[in-house]
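Okay, thanks for coming, everyone. I'll put the model up, and then we'll walk through it together.

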Amino acid sequence: SLFTFGLKGGFEAGKKLVDTVKMISLVANLGDSRTLIAHPSSMMHSQLTEEQKQAAGAGMETIRLSVGLEDVRDIIADLQQALEGLGPRSAL
């Protein structure tokens, strides 16, 4: 499954989240049996203007998560620790 969600903290929160996960892999393409995460605005769409990013569904706050075959408790724990590291004003 592929999930897309936004963070209140915008670009910096998105970068910090993908840099803080431990088990989840940070990659530019989202197709694997592993759980993968991406911050399109700073990765695959970084060369686009803000208007083009918005049109592509890759706003500054956008995170994409492709859920893999790992134990769901491990995935949730990894996301939880990363989101907690953002602080209450930057999370979901």
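So, start with β2 and β3, which covers residues 36-38: these two strands run parallel to each other, and 2 bridges hold the pairing. If you want a place to put your finger, take S25, whose bridge partner in β3 is L36. And before anyone asks, yes, what you're looking at is a predicted model.

Now zoom out to the whole sheet. There are 4 strands, ordered β1-β4-β3-β2, and the sheet is open, with mixed pairing. On the edges you have β1, residues 2-6, and β2, residues 25-26, and each of those pairs on one side only.

Next, the greasy part. The largest nonpolar core has 14 residues, and the members that touch the most others are L7, L17, I24, I37, I63, L79 and L86. Which elements each supply at least two residues of this core? That would be α1, at residues 10-20, along with β4 and α3. The largest share comes from α3, with 4 residues.

Let me pick I24 out of that group. Leaving aside anything up to four places away in sequence, I24 touches T35, L36, I37, L65, I75, D78 and L79. Two of these names, I37 and L79, you just heard in the core list as well.

Okay, charges. Side chains of opposite charge can pair when their charged atoms come close. How many salt bridges does the structure hold? The count is 3, so let's go through them.

One is D32 with R34, where the closest N and O atoms are 3.0 Å apart. D32 is partly exposed at 40% relative accessible area, and R34 is partly exposed too, at 37%.

Another joins R73 and D71, with 2.7 Å from N to O. Here R73 counts as exposed, at 62% relative accessibility, while D71 is partly exposed at 31%.

Then there's K53 with E50, at 3.5 Å, N to O. Both sit in helix α2, residues 50-55, and they are 3 residues apart, about one turn of the helix. Is K53 buried or exposed? It's buried, because its relative accessible area is 5% and the cut-off for buried is under 20%. Its partner E50 is partly exposed, at 34%.

K53 also leads us to S41. That serine is in the loop between β3 and α2, and at 1% relative accessibility S41 counts as buried. What does S41 touch, if we skip residues up to four places away in sequence? The list is F11, S46, K53, A58, G59 and M60. So the lysine from that salt bridge turns up again here, as one of the contacts of S41.

For contrast, have a look at another loop residue, L69. You'll find L69 between β4, residues 62-66, and α3, residues 72-84. It's a leucine, but L69 counts as exposed, with 72% relative accessibility. Try drawing a line from L69 to L83: in sequence they're 14 residues apart, and C-alpha to C-alpha the gap is 21 Å.

That's my tour. If you'd like one spot to go back to on your own screen, I'd pick S41, buried in its loop at 1%, with K53 among its contacts. Happy to take questions.

Note on methods. Residues numbered from 1 in each chain as written. Predicted model: local features only at pLDDT ≥ 70, side-chain atom pairs only at ≥ 80, totals over all residues. Heavy atoms only, no water. Salt bridge = Lys/Arg side-chain N within 4 Å of Asp/Glu carboxyl O. Buried < 20%, exposed > 50% of the residue type's maximum accessible area, 1.4 Å probe, protein only. Pairing = 2+ DSSP bridges. Core = buried A, V, L, I, M, F, W, Y, C linked by side-chain atoms within 4.5 Å. Contact = heavy atoms within 4.5 Å.
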